[in-house]
Protein chains: 2
Amino acid sequence: MEAEKIFDVIFESEGVCVGRLRNEVTNSARAPFQVARMLATDEGKFQGGEDTAPTPLEFFLTGLVGCLMTQIRVFAKQKKIGISDLVVTCRAHWEAVSDPDAPYAARPVGFEIDIAIQSDAPEDRVRALIGASRRGCFVEATLAQKNDIRHTLRLNQGEAVAV
Amino acid sequence: MEAEKIFDVIFESEGVCVGRLRNEVTNSARAPFQVARMLATDEGKFQGGEDTAPTPLEFFLTGLVGCLMTQIRVFAKQKKIGISDLVVTCRAHWEAVSDPDAPYAARPVGFEIDIAIQSDAPEDRVRALIGASRRGCFVEATLAQKNDIRHTLRLNQGEAVAV
């Protein structure tokens with residue numbers, strides 16, 4: 001049976017440059033709720049930044065771990081499964097590899113996620129909860145598939161063109 | 001020609017639960033630099049949270065936009081291409097769809113990234129820079145492929161088992 005859409009999740013993010021490598025990214029949620037907040041990224045001095053904020057990969061991994069943990073807690077409540085002491089650990093590994101026309105190319109190697117949880121519920125119900133939470137995690141679902149990513153470039157005062 | 005590894009990027013992140021839906025995620029970079037910092041996520045009151053921190057998707061999108069912007073700036077410097085006024089906008093769209101055993105499943109629809117940039121360099125060099133930066137962006141490279149994501153579950157005092 002074809003899955004039916006229940007609701008949309010739509011964000012618009014705008015990043016501007018500040019300082020050497022600091023970026024200030026304003027994320028505006030359009031649906032299913034509305035909020036706009038700014039988060040800043042930077043790099044350490046070793047990378048040429050000024051260390052005024054965490055690096056982009058720290059934000060990315062916080063999004064992954066935080067989204068999965070949130071869904072485990074929200075879905076446990078909806079399924080009436082009592083849980084406590086949830087701890088999620090993620091080991092993430094990428095490689096920078098040679099590229100003919102760049103300093104390097106990024107190559108994701110893999111993600112290992114360990115979930116520790118206390119519950120009096122039967123193990124099969126806890127396993128089903130974890131499975132449901134993985135399917136319901138917007139970030140994990142994104143990493144689990146090859147995504148449609150489109151780009152436009154607007155150079156100087158020209159028109160935005162697909163690149 | 002097979003790409004050769006230049007360096008590894010390895011992070012370990014540990015998330016713990018605090019409050020209703022707040023998660024405190026400590027991200028430890030293992031390579032190519034070492035740093036450990038905590039970032040907290042929460043949900044709005046409408047979602048059952050206490051609104052003490054941005055939502056996980058805001059972190060995720062900040063990681064995506066921030067990583068791409070950083071690589072555009074770092075690679076421009078290495079390629080000796082003068083740029084200024086870089087602005088990156090990303091529209092991200094997911095759907096929550098029906099699931100037989102969960103409140104919903106997450107379905108990523110797509111990402112549209114607009115790059116605005118000022119440069120006196122020839123357009124083909126700027127386009128090559130954008131292409132190189134996309135390949136060098138660890139987050140975009142992750143979203144552009146289906147990733148290997150492994151999970152273990154440790155229930156109560158049991159052993160961690162693959163799930």
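Asp99(A) stands opposite Ala102(A), which sits in strand 5 of chain A. The two strands concerned are strand 4 (residues 84–99) and strand 5 (residues 102–118) of chain A, joined by 13 bridges and running antiparallel. Strands here are DSSP runs of E with at least two residues, helices are runs of H or I with at least four, and both are numbered from the N terminus. Two strands count as paired if DSSP finds at least two bridges between them.

Before I go on, the conventions. This is a predicted model, in which local features need pLDDT of at least 70 and side-chain atom pairs count only at pLDDT 80 or more, while totals for chains, interfaces and linings use all residues. Residues are numbered from 1 along each chain as its sequence is written, chains are lettered from A and ligands numbered from 1 in the order in which they are written, and side-chain values use heavy atoms, with hydrogens and water left out.

Now the sheet around that hairpin. Seven strands make an open sheet in the order 3(B)-2(B)-1(B)-4(A)-5(A)-6(B)-7(B), and the pairing is mixed. At its edges are strand 3 and strand 7 (161–162) of chain B, each of which pairs on one side only. Strand 5 of chain A pairs with strand 6 of chain B in the parallel sense, over seven bridges. One pair of residues there is Ile113(A) opposite His151(B). Strand 6 of chain B is joined to strand 7 of chain B by two bridges, and these strands run antiparallel. In that part, Thr152(B) stands opposite Ala162(B). The hairpin of strands 6 and 7 of chain B has five residues between the strands, and Asn156(B) takes a positive phi near 55° in it.

Which side chains of strand 6 of chain B are buried? Along residues 149–155, Ile149(B), His151(B), Leu153(B) and Leu155(B) point to one face and are buried, whereas Arg150(B), Thr152(B) and Arg154(B) point to the other face and are not. Buried means under 20% relative accessible area, exposed means over 50%, and partly exposed is in between, using a 1.4 Å probe and protein chains only.

Two helices of chain B lie across this sheet. Helix 1 (residues 56–78) of chain B lies across strand 5 of chain A together with strand 3 of chain B, at about 160° to strand 5 of chain A. Helix 2 (residues 123–136) of chain B lies across strand 4 and strand 5 of chain A, at about 30° to strand 5 of chain A. The axes are lines fitted to C-alpha atoms, for helices over the stretch in contact, and the angles run from 0 to 180 degrees between N-to-C directions.

There is another sheet to describe. Its seven strands have the order 3(A)-2(A)-1(A)-4(B)-5(B)-6(A)-7(A), again open and with mixed pairing. Strand 3 (35–41) and strand 7 (161–162) of chain A have a single partner strand each, so one side of each is left without a neighbour in the sheet. Helix 2 (residues 123–136) of chain A packs on this sheet, touching strand 4 and strand 5 of chain B, and makes about 30° with strand 5 of chain B.

Next, the core. A nonpolar core is a set of buried Ala, Val, Leu, Ile, Met, Phe, Trp, Tyr and Cys residues joined through side-chain atoms within 4.5 Å. The largest one has 86 residues, and those with the most contacts inside it are Phe60(A), Trp94(A), Phe111(A), Phe60(B), Trp94(B) and Phe111(B). Leaving out residues up to four places away in sequence, Phe60(B) touches nine residues' worth of neighbours, among them Phe59(A), Phe60(A), Trp94(B) and Phe111(B); contact means heavy atoms within 4.5 Å.The structure holds 18 aromatic pairs over all chains. Rings of Phe, Tyr and Trp (its six-membered ring) pair if their centres lie within 6.5 Å, with planes under 30 degrees apart counted as stacked, over 60 as edge-to-face and the rest as tilted. One of the pairs is Phe11(B) with Phe33(B), edge-to-face at 6.2 Å centre to centre and 85° between the planes.

Last, the cysteines. Why are there zero disulfides, a disulfide being a pair of cysteine sulfur atoms within 2.5 Å? For Cys17(A), the closest cysteine sulfur, in Cys67(B), is 13 Å away, too far for a bond. For Cys90(A), the closest is in Cys137(A), at 11 Å, also too far.

Methods:
Disulfide = S-S within 2.5 Å.
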